[in-house]
Amino acid sequence: MLNTRASGVLMHISSMHSPYGIGVFGDGAKQFIRKIKDMGFSYLQVLPLNPPDFFGSPYASASAFAISSLLIDPEFLKKLGLITEEERKSAEYSGSPYTADYAFAKEQSRRLLKLAFSRADRALLEKVSAFKAENEWCTAYALFMALKEKFGGQPWYTWDKEYARFELAEAHAAEVQTEIDFFTFEQYIAFQNWADVKQYANEQGVKILGDMPIYVSRDSADAFGNRTLFEIDPDSLNPARVAGVPPDYFSEEGQLWGNPLYNWEVMEQDGFSWWCKRIENARKLYDTVRIDHFRAFASYWAVPADSETAKNGAWEKGPGMKLFDALREKFGDSPIIAEDLGVFGEDVVQLLEDTEFPGMRVIQFGFDPNGDSTHLPHNYPRNAVAYVGTHDNQTLLAWLWEATPEERKFALDYCGFTGDNWGEGGFRSPACRKIIETVWRSSAALAILSYQDLCGFGSDARMNTPGKADGNWLFRTTDDMINQIDEEYYKHLNRLFRRS
């Protein structure tokens, strides 16, 4: 799939510059795309575009298909003639430009979208109706969101019986039809707005690399509308088993995620149609998609739903190549990157070999002074995506400060850094540059650098700390930050290592 050497920058849309308290599908995103293109990068990696949870995480969403309305650009609504310039300006944010304010963005987004919806003419509403007909998932999503409002935001599995079962709830759709129409309209606008940004990126020669969590949230339109595809009891609506990962070096208890597990036997009966639709949706949104926790397609850790930790789980066989054969039959070769990090066995190795999907390498994971890690660049295969760090990693500069003296010395020696100013950060951080250059000269066909590491930022710019619910997903940038990037350095780096 990765036929030429290339490089990219990882930054989520919510982190981009905008006047609205959160990054949006607007001029800030387009300006950033132009900037990275000028530096020789040809990929922009974004996190999932799905609606985030209360804490701002796009990995715990109400839908695996929908786009977050918070990312809709008010300027786009104005260009459609649905709001005025005065109304657009009223949504501007006066707080810190360095931190996303999800509560403010949600309030303003809802207010402006309600205004826009009230002004939609027949021609626009016909386009919305056509969008719903073309996107089957939108029926369950709009009903789910409308009923969630009716029940005060409570999870769907706690609703009255005739509403908590999708096949029964459809009979009550007339009760919330206005809300259903609004949420359908919202998704139409979100998809159109994002399509405008993606088209712009592609015209500039930049591909969009998206991100797909393998599992869905229990309280989601996906579980609500497709209950039989998951290990969910039809009477109690409780999951029989849930997802997680077993105890390992990093966690004595393992990680209990709590997502409902797929009923792979049922999914296989109709040729994995739900997954086919999910991949089809991703192909509309992105040029390439990274699937998180890819190893679960080979085998997954299943934990009894009443367990307090992930210790009591068991490995179960995943769908393996049956799923990917079905996808290949429908789409041909799918542009998929496999997130193959963590502990895995021969079944995962074999699945990666059979699918021929590129896996991931992260140099931060490789700096063990006593080992020869697969995450060290001299071990990278060509068919791989090499990362300096992911959205879950500490920033590179902060990692250098937090590493043990032995780890740090090994990292600096490995990357050829000399001198005593390894702790110097900022846009020309010498130690960060040496590590970045080491990744760039590797054999991996695609190399990805987070925006925070591109700028040499410290721990206060970290995007996410796994296992910590709050305080994540808040980082934002500004025009001033972007303008301080050493553009000529990255141009040279991409040319030197034949990545542009």
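Helix axes here are lines fitted to C-alpha atoms, for helices over the stretch in contact, and angles run from 0 to 180 degrees between N-to-C directions. Helices (H or I, at least four residues) and strands (E, at least two) are DSSP runs, numbered from the N terminus.

## Basis of the model

This is a predicted model, in which local features need pLDDT of at least 70 and side-chain atom pairs count only at pLDDT 80 or more, while totals for chains, interfaces and linings use all residues. Residues are numbered from 1 along each chain as its sequence is written, and side-chain values use heavy atoms, with hydrogens and water left out.

## Helix packing

Two packed helices are described by the angle between their axes and the distance between the axes. Helix α12 (residues 273-285) packs with helix α13 (residues 321-331) at about 55 degrees, and their axes are 10 Å apart. That angle makes α12 oblique to α13. The classes are these: under 35 degrees is roughly parallel, over 145 roughly antiparallel, 65 to 115 roughly perpendicular, and the rest oblique. From α12, the contact uses W275, C276, I279, E280 and R283; from α13, it uses L323, A326, L327, K330 and F331. Contact means heavy atoms within 4.5 Å. The crossing of α12 with α13 is right-handed. A crossing is right-handed if the near helix is turned clockwise from the far one by less than a right angle, and left-handed if anticlockwise.

Helix α1 (residues 27-38) packs with helix α9 (residues 177-203) at about 15 degrees, with axes 10 Å apart. This makes α1 roughly parallel to α9. A29, K30, I33 and R34 of α1 meet D196, V197, Y200 and A201 of α9. The crossing of α1 and α9 is right-handed.

## Aromatic pairs

How many aromatic pairs does the structure hold? There are 53. Rings of Phe, Tyr and Trp (its six-membered ring) pair if their centres lie within 6.5 Å; planes under 30 degrees apart count as stacked, over 60 as edge-to-face, and the rest as tilted. F144 and F224 are one tilted pair, 5.8 Å centre to centre, with 45 degrees between the planes. F144 is in helix α6 (residues 137-150) and F224 in helix α10 (residues 221-225), so this pair links distant parts of the chain, 80 residues apart. F144 is buried, at 0% relative accessibility. F224 is also buried, with a relative accessible area of 1%. Buried means under 20% relative accessible area, exposed over 50%, and partly exposed in between (1.4 Å probe, protein chains only).

F367 and W399 form another tilted pair. Their centres are 5.3 Å apart, and the planes meet at 45 degrees. F367 lies in the loop between β10 (359-362) and β11 (384-387), and W399 in helix α15 (residues 396-402), so the pair ties together parts 32 residues apart in sequence. Both F367 and W399 are buried.

## Charges over rings

A charge sits over a ring if NZ of Lys or CZ of Arg is within 6 Å of the ring centre and within 35 degrees of the ring normal. K114 lies over the face of F182, 4.2 Å from the ring centre. The charged end of R433 sits over the ring of Y489, at 3.8 Å from its centre.

## Two buried residues and their contacts

L143 is in helix α6. At 3% relative accessibility, L143 is buried. Leaving out residues up to four places away in sequence, L143 touches F166, A169, E170, A173, V176, I180 and F224. The C-alpha atoms of L143 and V245 are 33 Å apart, with their positions 102 residues apart along the chain.

I363 is in the loop between β10 and β11. Its relative accessible area is 0%, so I363 is buried. With residues up to four places away in sequence left out, I363 touches H375, P377, Y380, Y387, V388, C415, I435, T438 and V439. The C-alpha atoms of I363 and T374, eleven residues apart along the chain, are separated by 9.1 Å.

## Positive phi values

Most residues other than glycine have a negative phi. W473 has a positive phi, near 65 degrees. W473 lies in the loop between α18 (451-454) and α19 (479-483), and is buried at 5% relative accessibility.

R498 also has a positive phi, near 60 degrees. R498 is in the segment after α20 (487-496). Is R498 buried or exposed? R498 is exposed, with a relative accessible area of 58%.
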